[in-house]
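Reader: I should like to go through this model and ask, for each term applied to it, what justifies the term. May we begin with the chain as a whole?

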Amino acid sequence: MAECEICGKSSYDLSYVKVEGTLFKVCLNCASLGNKVEGYVDKPMKKIPPSIKRREDNQVIVSDYGRRVSVGRQHAGLKQEDLAKKINERLSHIKAVESGKRTPSLKLARKLENALNIVLIERGEI
Ligand SMILES: [Zn+2]
(Lines give C-alpha, C1' and ligand atoms only; values in the text may rest on other atoms or scores of the structure.)
Protein backbone atom coordinates (compact mmCIF):
# COMPACT_ATOMS: atom_id res chain seq x y z
CA MET A 1 0.00 0.00 0.00
CA ALA A 2 1.35 3.40 -0.94
CA GLU A 3 0.10 6.94 -0.67
CA CYS A 4 -1.12 9.16 -3.45
CA GLU A 5 1.38 11.99 -3.74
CA ILE A 6 -1.28 14.58 -4.44
CA CYS A 7 -4.14 13.92 -2.03
CA GLY A 8 -2.32 11.61 0.40
CA LYS A 9 -4.92 8.85 0.22
CA SER A 10 -3.61 5.33 0.70
CA SER A 11 -4.39 3.07 -2.20
CA TYR A 12 -3.26 -0.15 -3.83
CA ASP A 13 -4.06 1.20 -7.22
CA LEU A 14 -1.65 4.02 -7.95
CA SER A 15 -0.60 5.13 -11.37
CA TYR A 16 1.94 7.58 -12.73
CA VAL A 17 0.80 10.84 -14.23
CA LYS A 18 2.62 13.95 -15.39
CA VAL A 19 1.31 17.27 -14.06
CA GLU A 20 2.94 20.43 -15.33
CA GLY A 21 6.02 18.45 -16.31
CA THR A 22 6.41 16.76 -12.92
CA LEU A 23 5.81 13.07 -12.37
CA PHE A 24 3.51 11.90 -9.59
CA LYS A 25 2.35 8.59 -8.26
CA VAL A 26 -1.34 9.15 -7.73
CA CYS A 27 -4.64 7.47 -6.91
CA LEU A 28 -7.40 7.01 -9.47
CA ASN A 29 -9.15 10.21 -8.38
CA CYS A 30 -6.07 12.34 -8.93
CA ALA A 31 -5.02 10.62 -12.16
CA SER A 32 -7.37 12.90 -14.08
CA LEU A 33 -5.28 15.91 -12.99
CA GLY A 34 -2.44 14.96 -15.26
CA ASN A 35 -1.41 12.96 -18.29
CA LYS A 36 -1.01 9.28 -17.67
CA VAL A 37 2.51 7.86 -18.05
CA GLU A 38 2.51 4.15 -18.83
CA GLY A 39 5.10 1.82 -17.39
CA TYR A 40 7.15 4.43 -15.56
CA VAL A 41 9.45 2.83 -12.97
CA ASP A 42 11.83 5.52 -11.69
CA LYS A 43 11.16 7.23 -8.39
CA PRO A 44 8.94 10.22 -9.03
CA MET A 45 9.68 13.65 -7.62
CA LYS A 46 7.87 14.72 -4.47
CA LYS A 47 7.29 18.36 -5.25
CA ILE A 48 3.65 19.26 -5.71
CA PRO A 49 2.98 22.23 -8.01
CA PRO A 50 1.44 25.10 -6.01
CA SER A 51 -1.58 25.13 -8.28
CA ILE A 52 -2.52 21.61 -7.21
CA LYS A 53 -2.21 22.47 -3.52
CA ARG A 54 -4.36 25.51 -4.03
CA ARG A 55 -6.99 23.35 -5.65
CA GLU A 56 -7.08 21.11 -2.57
CA ASP A 57 -7.24 24.01 -0.13
CA ASN A 58 -9.44 26.29 -2.13
CA GLN A 59 -12.76 25.43 -0.56
CA VAL A 60 -14.72 28.53 0.26
CA ILE A 61 -18.14 29.19 1.72
CA VAL A 62 -20.36 31.05 -0.74
CA SER A 63 -20.99 34.66 0.24
CA ASP A 64 -24.80 34.34 0.25
CA TYR A 65 -24.78 31.29 2.51
CA GLY A 66 -27.45 32.78 4.79
CA ARG A 67 -29.96 33.14 2.00
CA ARG A 68 -29.18 29.69 0.60
CA VAL A 69 -29.67 28.01 3.98
CA SER A 70 -32.87 29.95 4.61
CA VAL A 71 -34.35 29.18 1.20
CA GLY A 72 -33.19 25.56 1.30
CA ARG A 73 -34.66 25.05 4.75
CA GLN A 74 -38.03 26.50 3.77
CA HIS A 75 -37.98 24.43 0.63
CA ALA A 76 -37.48 21.34 2.77
CA GLY A 77 -40.44 22.42 4.91
CA LEU A 78 -38.33 22.72 8.03
CA LYS A 79 -38.41 25.27 10.83
CA GLN A 80 -35.12 26.56 12.17
CA GLU A 81 -35.71 24.36 15.23
CA ASP A 82 -36.22 21.31 13.00
CA LEU A 83 -33.05 21.98 11.06
CA ALA A 84 -31.03 22.48 14.24
CA LYS A 85 -32.26 19.11 15.53
CA LYS A 86 -31.73 17.38 12.20
CA ILE A 87 -28.07 18.29 11.95
CA ASN A 88 -27.45 18.37 15.69
CA GLU A 89 -26.52 22.04 15.97
CA ARG A 90 -27.67 24.76 18.35
CA LEU A 91 -30.67 26.80 17.21
CA SER A 92 -28.79 30.03 17.91
CA HIS A 93 -26.07 28.84 15.57
CA ILE A 94 -28.55 28.15 12.77
CA LYS A 95 -30.14 31.58 13.27
CA ALA A 96 -26.76 33.29 13.13
CA VAL A 97 -25.85 31.47 9.92
CA GLU A 98 -29.16 32.25 8.22
CA SER A 99 -28.94 35.91 9.12
CA GLY A 100 -25.44 36.03 7.68
CA LYS A 101 -23.85 36.91 11.01
CA ARG A 102 -21.83 33.76 11.28
CA THR A 103 -20.05 32.01 8.42
CA PRO A 104 -20.47 28.28 8.89
CA SER A 105 -17.36 26.11 9.19
CA LEU A 106 -16.66 23.77 6.28
CA LYS A 107 -17.88 20.91 8.48
CA LEU A 108 -21.18 22.61 9.25
CA ALA A 109 -21.54 23.75 5.65
CA ARG A 110 -21.23 20.13 4.51
CA LYS A 111 -23.89 19.05 6.98
CA LEU A 112 -26.20 21.80 5.73
CA GLU A 113 -25.49 20.90 2.12
CA ASN A 114 -26.46 17.28 2.76
CA ALA A 115 -29.47 18.07 4.92
CA LEU A 116 -30.98 20.66 2.58
CA ASN A 117 -29.60 19.55 -0.76
CA ILE A 118 -28.00 22.94 -1.36
CA VAL A 119 -24.52 24.12 -2.30
CA LEU A 120 -22.57 26.19 0.22
CA ILE A 121 -18.98 25.26 -0.59
CA GLU A 122 -17.32 26.36 -3.77
CA ARG A 123 -14.15 24.80 -5.05
CA GLY A 124 -11.77 26.98 -6.95
CA GLU A 125 -10.47 25.65 -10.24
CA ILE A 126 -6.91 25.87 -11.46
ZN1 LIG B 1 -5.13 11.17 -4.89
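Author: Among contacts in the protein chain between residues at least 6 apart in sequence, 44% join residues at least 24 apart. The model is a predicted one.

Reader: What makes a pair of residues count as a contact here?

Author: Heavy atoms of the two residues must lie within 4.5 Å. The share of 44% refers to contacts in the protein chain between residues at least 6 apart in sequence.

Reader: How many helices and strands does the protein chain have, and in what order do the elements run?

Author: The secondary structure comes to 6 helices and 7 strands. From the N terminus on, the order is β-β-β-β-α-β-α-β-α-α-α-α-β. Of the 126 residues of the chain, 39% count as buried. The chain exposes about 8,300 Å², and carbon and sulfur atoms supply 47% of that area.

Reader: Which residues are the protein donors of the zinc ion, and what makes them donors?

Author: The protein donors are the SG atoms of Cys4, Cys7, Cys27 and Cys30, lying 2.3 Å from the zinc ion. A sulfur atom counts as a donor within 2.8 Å of the metal, so these SG atoms at 2.3 Å qualify. Along the chain, the donors follow the spacing C-x2-C-x19-C-x2-C.

Reader: Why is the site of the zinc ion called tetrahedral?

Author: The angles among its 4 donor atoms are 105 to 114°. Four donors count as tetrahedral if all angles lie between 85 and 135 degrees, and the range of 105 to 114° falls inside these limits; the site is therefore tetrahedral. The ideal angle for four tetrahedral donors is 109.5 degrees.

Reader: Are Cys27 and Cys30 buried or exposed, and how do you know?

Author: Cys27 has a relative accessible area of 2%, and Cys30 has one of 6%. Buried means under 20%, so both residues are buried.

Reader: What makes the phi of Glu20 worth a remark?

Author: Phi of Glu20 is near 50°, a positive value in a residue other than glycine. Most residues other than glycine have a negative phi. Glu20 is found in the loop between β3 (15–19) and β4 (22–26). With 57% relative accessibility, against a cut-off of over 50%, Glu20 counts as exposed.

Reader: Where is Asn117 found, and why is it called exposed?

Author: Asn117 is found in the loop between α6 (106–116) and β7 (121–123). Its relative accessible area is 74%, and exposed means over 50%, so the term applies to Asn117. Phi of Asn117 is near 60°, a positive value in a residue other than glycine.

Reader: What is the order of the strands in the open sheet, and what makes a strand an edge strand?

Author: The sheet has 3 strands in the order β4-β3-β5, and the pairing is antiparallel. The edge strands are β4 and β5 (35–36), each of which pairs on one side only.

Reader: How do you know that β3 and β5 pair?

Author: Two strands pair if at least two bridges are found between them; 2 bridges join β3 to β5, so the condition is met. In this antiparallel pair, Val17 stands opposite Lys36 in β5.

Reader: Why is the contact of Glu98 with Arg73 called a salt bridge?

Author: The side chains of Glu98 and Arg73 meet at 2.4 Å, N to O, and the cut-off is 4 Å, so the pair is a salt bridge. Glu98 lies in helix α5 (residues 91–98) and Arg73 in helix α3 (residues 65–75), so the pair ties together parts that are 25 residues apart in sequence. Glu98 is buried at 12% relative accessible area, and Arg73 is buried at 9%.

Reader: What joins Asp64, Arg67 and Arg68 into one network?

Author: The network arises through salt bridges that share partners. Asp64 meets Arg67 at 2.7 Å, N to O, and Arg68 at 3.0 Å, N to O. At 24% relative accessibility, Asp64 counts as partly exposed, as does Arg68 at 25%. A search of the whole structure finds 4 salt bridges.

Reader: Which residues of α3 are buried, and what do they pack against?

Author: The buried residues of α3 are Tyr65, Gly66, Val69, Ser70, Gly72 and Arg73. They pack against β6 (59–61), α4 (80–86), α5 and α6. The helix α3 is followed by Gly77, whose phi is positive, near 70°.

Technical notes: Residues are numbered from 1 along each chain as its sequence is written. This is a predicted model: local features need pLDDT of at least 70, side-chain atom pairs count only at pLDDT 80 or more; totals for chains, interfaces and linings use all residues. Side-chain values use heavy atoms; hydrogens and water are left out. Donors are N, O and S atoms within 2.8 Å of the metal (3.2 Å for Na, K and Ca); water is not among the atoms, so sites may look incomplete. Four donors count as tetrahedral if all angles lie between 85 and 135 degrees; four count as square planar and six as octahedral if opposite donors are over 155 degrees apart and all others between 65 and 115; anything else is irregular. Buried means under 20% relative accessible area, exposed over 50%, partly exposed in between (1.4 Å probe, protein chains only). Helices (H or I, at least four residues) and strands (E, at least two) are DSSP runs, numbered from the N terminus. Accessible areas come from the Shrake-Rupley method with a 1.4 Å probe; for residues, only the protein chains shown count as cover.
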